[in-house]
Every structure is written in C-alpha cells, then in structure tokens.
Amino acid sequence: MDLREIADRLEIIDLLGRYARAVDSGQWHLLDDVFTPDAVIDYRSAGGIRGTRAEVTAWLAEVLSGWPGRLHLIGSVTISFDGTGPEGRDEAAVSAAFTDTLAPSREMVAAGTAGLLRGGGWYHHRVCRTAGGWRSRELVEEQSWRTITG
C-alpha cells in the first residue's frame, strides 16, 4: 500500500464520519460534502425512501425530527478500489457496519421509553474522487435488525 492509497483510505473513512455527523446533528447542509449532487440514496431496507440527495435530505429532516437524540457508530470498513483513473483508484466500493440509536429526547430517557429505536446493518457506498475530495454517489442501506420500544 503506497502513501496515496493510505491517504485515500483515510479520506473515505472520514467521509463516513461526516455522514454520521450530518445525520446525527441535523445539519443537513453537511450532506453536500458527503454526496455528489447526482447521488442516489436508498433507505428502503429500513422502511425509508430511495431518491436523489435533495429528496432524501428533505425526507430525513422531516422523518428524523421526531428523534432529536441520534447517534450512529460506523466501523468494520472495507474499501475496494476499482476506478479507471491514472492511478486506478478514482472509484471504490465501500461497506461499513453501523449501529444507530434514535431517541425521542436529547435528555436522559429510560431504556424502555416509548419511541426509542435501535438498529444496525451495513452501509454500502459507491464513492468517487472529485475536485472536492472523495464523495459518495450511491448509498444503499442494508438494515440487519431494528428494535423499538412501544
């Protein structure tokens, strides 16, 4: 692995962290630095929608307003470069395990509080190198499990 590949891998891992930060903080404009303008995002496995960056950002802002306490943990990242650029690393398939917790309040709530959601699965991204750095042009969420307290 050369220094360029190490730098690319670190930037892609940072991209995943920026995604989590944008969603968890509700700073939706930050997704502009995660996804390409023409990105397709697919949350159907979790009961969500599939759409463009703009469509999904608006949907997330509406749906997640009911859970102001949000936290994603992302790990177990695999990156497979398969691009055609001069270094052969302008595109990559990225998979990362995640768990998330969505809470109906930012205050302390009991574990059995109604509306507390927990889940996990895999995020599958197709990323590409852009003038602004690595960006995701496709995200498919693979929901593995979900619990909710009612």
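Biologist: Which residues form the nonpolar patch on the surface?
Modeller: Met1, Leu3, Ile6 and Leu10, with about 470 Å² of accessible area together (Shrake-Rupley, 1.4 Å probe, only the protein chains shown as cover). Patch residues have over 30% relative accessible area and no salt bridge (Lys or Arg side-chain nitrogen within 4 Å of an Asp or Glu carboxyl oxygen); nonpolar side chains (Val, Leu, Ile, Met, Phe, Trp, Tyr) are joined within 5 Å, like charges within 9 Å.
Biologist: What am I looking at?
Modeller: A predicted model: local features need pLDDT of at least 70, side-chain atom pairs 80 or more, while totals for chains, interfaces and linings use all residues. Numbering runs from 1 along each chain as its sequence is written, and side-chain values use heavy atoms, leaving out hydrogens and water.
Biologist: Where does Ile6 lie?
Modeller: In helix α1, residues 3-25 (a DSSP run of H or I, at least four residues; strands are E, at least two).
Biologist: Why does Ile6 count as partly exposed?
Modeller: Because its relative accessibility is 34%; buried is under 20%, exposed over 50%, partly exposed in between.
Biologist: And Ser80, where is that found?
Modeller: Ser80 is in strand β3, residues 69-81. Ser80 is partly exposed too, at 40% relative accessible area.
Biologist: How far is Ser80 from Val34?
Modeller: They are 46 residues apart in sequence and 18 Å apart in space, C-alpha to C-alpha.
Biologist: Switching topic. Which residues are closest to the centre of the largest pocket?
Modeller: The largest pocket has 19 lining residues, and Ala46, Trp59, Leu64, Leu102 and Arg146 are the closest to its centre.
Biologist: Which elements give two or more residues to its lining?
Modeller: For the largest pocket, α1, α2 (53-63), β4 (91-103), β5 (117-130) and β6 (133-148). A pocket is an open set of 1 Å grid points where a 1.4 Å probe fits, with protein on both sides within 12 Å along at least five of seven lines; lining residues have an atom within 4 Å of a point.

Definitions and conventions:
Buried < 20%, exposed > 50% of the residue type's maximum accessible area, 1.4 Å probe, protein only.
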